[in-house]
Amino acid sequence: MSGRRRVDWPAHVREAIGAELRFSHEAAQAAEVSFKIRVYLAVEQGLTTYELAEELGISQPAVSKDRIQGEAAFERQVQGCSTN
């Protein structure tokens with residue numbers, strides 16, 4: 001049985017890897033929120049969740065959930081911009 005071998009990287013290398021992972025994670029989260037906002041806006045412009053599901057190749061309930069979450073994220077952005 002072969003196990004994973006731990007590599008002892010210097011502290012500065014571990015910190016750099018951790019920073020890169022955090023950046024990647026934050027970018028992925030931002031992209032997900034942006035996608036959900038775009039789904040919400042597409043529905044607001046007249047596309048149905050069924051049409052979007054067909055176009056995106058995902059289920060209609062997933063599109064509906066993304067639309068709801070996208071609306072909430074959009075509202076948070078609008079409120080955030082109006083407080084500045």
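# Tyr40 and its surroundings

Biologist: Let's start with Tyr40: is this residue buried or exposed?
Modeller: This is a predicted model, so keep that in mind throughout. Tyr40 has a relative accessibility of 8%. The cut-off for the lowest class is under 20%. With 8%, Tyr40 therefore counts as buried.

Biologist: Which element holds Tyr40, and how far is Tyr40 from Val63 in space, C-alpha to C-alpha?
Modeller: Tyr40 belongs to helix H1. Along the sequence, Tyr40 and Val63 are 23 residues apart. In space, their C-alpha atoms are separated by 9.0 Å.

Biologist: Leaving aside neighbours within four places in sequence, which residues is Tyr40 in contact with?
Modeller: Contact here takes heavy atoms within 4.5 Å. Helix H3 spans residues 60-82, and among the H3 residues that meet H1 are Arg67, Gly70, Glu71, Phe74 and Glu75. With the neighbours within four places set aside, the contacts of Tyr40 are Arg67, Gly70, Glu71, Phe74 and Glu75.

Biologist: How do H1 and H3 sit relative to each other: roughly parallel or roughly perpendicular?
Modeller: The two axes come within 7 Å, and they cross at roughly 100 degrees. That angle makes the arrangement of H1 against H3 roughly perpendicular.

Biologist: Which residues of H3 meet H1?
Modeller: On the H1 side you have Val33, Phe35, Lys36, Ile37, Val39, Tyr40, Leu41 and Val43. Across from them, the H3 side is made of Val63, Asp66, Arg67, Gln69, Gly70, Glu71, Ala73, Phe74, Glu75 and Gln77.

Biologist: Now Lys36. Leaving aside neighbours within four places in sequence, what is Lys36 in contact with?
Modeller: Lys36 also lies in helix H1, and at 13% relative accessibility Lys36 counts as buried. Its contacts, neighbours within four places aside, are Asp66, Gln69 and Gly70.

Biologist: Which residue meets the side chain of Lys36 in a salt bridge?
Modeller: Side chains of opposite charge can pair when their charged atoms come close. The partner of Lys36 sits four residues away in helix H1, which means about one helical turn between them. That partner is partly exposed, at 44% relative accessibility. At 3.2 Å, N to O, the residue bridged to Lys36 is Glu32.

Biologist: What about Glu71: how far apart are the closest N and O atoms in its salt bridge with Arg67?
Modeller: Both residues are in helix H3, four residues apart, about one turn of the helix. Glu71 is partly exposed with a relative accessible area of 32%, and Arg67 is partly exposed too, at 22%. The closest N and O atoms in this salt bridge are separated by 3.4 Å.

Biologist: How many salt bridges turn up in a search of the whole structure?
Modeller: Besides the Lys36 with Glu32 pair and the Glu71 with Arg67 pair, Arg6 and Asp8 meet through their side chains at 3.7 Å, N to O. Arg6 is exposed at 68% relative accessibility, and Asp8 is exposed at 67%. For the whole structure, the number of salt bridges found is three.

Biologist: One last thing, Trp9: what accessible area does its nonpolar surface patch have altogether?
Modeller: Trp9 lies in the segment before helix H1, which runs 11-44. Patch members need over 30% relative accessible area, and Trp9, at 45%, counts as partly exposed. Its fellow patch members are Val7, Ile17 and Leu21. Together the four have an accessible area of about 390 Å².

Methods
Residues numbered from 1 in each chain as written. Predicted model: local features only at pLDDT ≥ 70, side-chain atom pairs only at ≥ 80, totals over all residues. Heavy atoms only, no water. Patch = residues over 30% accessible without salt bridge, like charges linked within 9 Å, V, L, I, M, F, W, Y side chains within 5 Å. Areas by Shrake-Rupley, 256 points an atom, 1.4 Å probe, with all protein chains shown as cover. Helix = DSSP H or I, 4+ residues; strand = E, 2+ residues; numbered from the N terminus. Buried < 20%, exposed > 50% of the residue type's maximum accessible area, 1.4 Å probe, protein only. Axes fitted to C-alpha atoms, helices over the stretch in contact; angles between N-to-C directions. Parallel < 35°, antiparallel > 145°, perpendicular 65-115°, else oblique.
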